[in-house]
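Me: I would like to learn how to read a structure like this one. Could you take me through it feature by feature?

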Amino acid sequence: MLRKTILGGLTATLLLGTAASATDLVVYHSWSSGPEVAALNVLKAGLEAKGHTWTDIAIPHNTGSNVNLMNLVTGGTPPNVFMESNPGVYRDLSAMGLGRPITEYFTEQGYLEHLPDSVVKSITVDGEIMKVPTAIHIDGMVYYNKEVAAAAGVDPEAWDSLDAMFADFQKVSDAGYIPLAIGGQQWQIGYLTHALAAAIGGPDFYLSIYSEQPDPAAIDSAQMRSLLDWLRKFQQAADEGSANREWNVTTNAVITGQALMQIHGDWMKGEWTAAGKVAGTDFGCVQIPGAQAVVVTVDSWGLLGGQPEDVDQAELDFASVVVDPAIQADFALAKGSTPVRLDAPESALDACSQEVLGILADPAHQVQNPHSVSDADWQNSIWDVVFNFWSDPTMSVDDAIAQMQENHDIILG
C-alpha cells in the first residue's frame, strides 16, 4: 500500500511537472494557402511534441486587414512568436523592452555553423541574432510547365535574356497557351518589381533603391527607366484574368496547362508538390533569364522578449523545432522552400531546391528581400507607385519617377 502511495505520488508529481512545463504559445503569421498551412502544421506538430500548445493569429497578407503585429503589441495582446522580417520592427520592440536577442542561444546550440552566410546576414539586426530562419526562397523564379513548353516548342532553360524569353511568347500563344501568368495584386507587382530590379540592374542598382538610405540619384537613372519599361512589357503580356488574382490561383493556371509559366517567389513549388507534380519531371524552375542578381527571402520568426521564464523557454523550444534539420526537411517539402540548414537531409532537396542552392553558391549574385533592408514606408511607397503604373497604361515612366522622387523627399528627405 505504501509502495502504491509513493508511486502514485511520484506519478502525480511527474504529471504536474509536465503540465507546469507546458505553455501555450500565441503565434502570429500571414500564411493561408494549402502548402503554407501544411508547412505550419509541421512546426506545430514539433512544438506539441515538446509538450506545448499553439494558438494561431492568422492575418493573410492580402486581406487588407490593419491588424498587424505592432497593433497587437501596443494594444496589450502581443503574440509570443511572430513572422516578421523587417529589422525596424525588431528595433521598435527592443526600444519597448520587448526585444529578444537569441545570439547566445544560437551560438550555444551550434546552429550558426549550419546556416548559409546569406541566412545569418538576414536574421541579424544591429549585430544580434534576432530572428529564427524557417525558409529560403528566391523572389523571382521562372516556374514553367514542361508539357506546355514541349507542345509550344520552347525551352525556358535556353533563354539567356528577357528579350529571348519574350521572343518565344508568340510561339506559345500560337500553340493555344497563355505565355505568362501574372497575379495582378499590389504585393505581387511589388515583388515582380524588386525581382526585376535585381535581375536588370544588378546588386548596386538594387541596393541604391532598396536600402535604409536609398540614393535619390538612382530614382531617375537609366536602370530605373529600363526597369519601368520592362514592367510595362510585363503588364502588356498579362492575360485578361490577371487583375487581382491570387498568386496560388495564378500558379494553378500553369500547373493545369493553361499557361506556360509564372515569375514569382519559389514558394510556388508548394502548389506544384501539393498537386502531385514532380520537380524536373512535370515542371522546371530557372532564375529570371539573364539575371545579374536574385533577391533572397529568408522567412523568419521573431520571439517576444520580456516574458515569464516558462514562456521564454517555450519560445526557445519553438526556435529549436524550427531549425531542427529533420523538421526543416519536412517543412521545406510542404512549403516549397529550400531548407535553411546546410545539413538538412538530402531528401529535402528536389531539383528546384538544388537549383536554388546552385544559384546561392555565389554570394555576389544575391541581395536581400526589401523587407529586410528597406524603410517600411519607403518600400510601401514603391509598391503604390508601381501598382498605379501597372494599373494605368497611360501613366508614363516620367510620371512614375516623379512620384517616387516626391515620395522620397517626403519620407526620407
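Reply: We will look at empty spaces, then salt bridges, then one helix. Keep in mind that this is a predicted model.

Me: How do I start with empty space, and how many cavities of 30 Å³ or more are there?

Reply: The general idea is that rolling a probe the size of a water molecule over the atoms shows where empty space is left. In this structure the count comes to two cavities of 30 Å³ or more. The largest has a volume of about 70 Å³, and the second largest holds about 40 Å³.

Me: Which residues line the largest cavity?

Reply: Among them are Leu180, Ala181, Phe234, Gln262, Ile263 and His264. The elements giving two or more residues to this lining are β8 (178-181), α10 (186-209) and β9 (259-264). Of these, β9 gives the most, with three residues. By class, the lining of the largest cavity has six nonpolar, four polar and no charged residues.

Me: And what lines the second largest cavity?

Reply: Its lining includes Ile138, Gly140, Ala195, Ala199 and Val295. Here α10 and β11 are the elements that give two or more residues. Eight of the lining residues are nonpolar, two are polar and none is charged.

Me: Now for pockets. How many residues line the second largest pocket, and which lie nearest its centre?

Reply: A pocket is open, whereas a probe in a cavity cannot get out. The second largest pocket contains about 430 Å³ of space. It is lined by 18 residues, with Asp117, Ser118, Lys121, Pro363 and Gln366 nearest the centre. Two or more residues each come from α6 (117-122), β11 (294-303) and β12 (366-368). The largest share, four residues, belongs to α6. This lining divides into eleven nonpolar, five polar and two charged residues.

Me: Let us turn to salt bridges. How many are there in the whole structure?

Reply: To spot one, look for a side-chain nitrogen of Lys or Arg within 4 Å of a carboxyl oxygen of Asp or Glu. A search of the whole structure finds ten. One of the pairs is aspartate 126 with arginine 91, at 2.8 Å from N to O. These partners sit 35 residues apart along the chain: aspartate 126 is in the loop between β4 (124-125) and β5 (128-129), and arginine 91 is in helix α4 (residues 87-95).

Me: Are those two partners buried or exposed?

Reply: Aspartate 126 has 58% relative accessibility, so it counts as exposed. Arginine 91 is partly exposed, because its relative accessible area is 29%.

Me: Which other pairs could I look at?

Reply: Try aspartate 168 and lysine 171, whose closest N and O atoms are 3.8 Å apart. Aspartate 168 counts as buried at 14%, while lysine 171 is partly exposed at 43%. Then find arginine 245 and aspartate 239, with closest N and O atoms 2.9 Å apart. Both arginine 245 and aspartate 239 are buried.

Me: Last, how do I read a helix, and what span should α15 have?

Reply: An α-helix has 3.6 residues a turn, so residues three or four places apart point the same way. For length, allow 1.5 Å a residue: the 14 residues of α15 (residues 309-322) should span 20 Å, and its end C-alpha atoms are 20 Å apart, which agrees.

Me: How many residues of α15 are buried?

Reply: Ten of the 14 are buried, making this helix mostly covered. Among the buried ones are Val311, Ala314, Leu316, Phe318 and Val322.

How values were computed. Residues numbered from 1 in each chain as written. Predicted model: local features only at pLDDT ≥ 70, side-chain atom pairs only at ≥ 80, totals over all residues. Heavy atoms only, no water. 1 Å grid on protein atoms, 1.4 Å probe; cavity = no way out; pocket = protein on both sides within 12 Å on 5 of 7 lines; lining within 4 Å. Points joined across faces, edges and corners; volume = space filled by probe spheres on them. Nonpolar A, V, L, I, M, F, W, Y, C, P; charged D, E, K, R; others polar. Buried < 20%, exposed > 50% of the residue type's maximum accessible area, 1.4 Å probe, protein only. Expected span 1.5 Å × (residues − 1).
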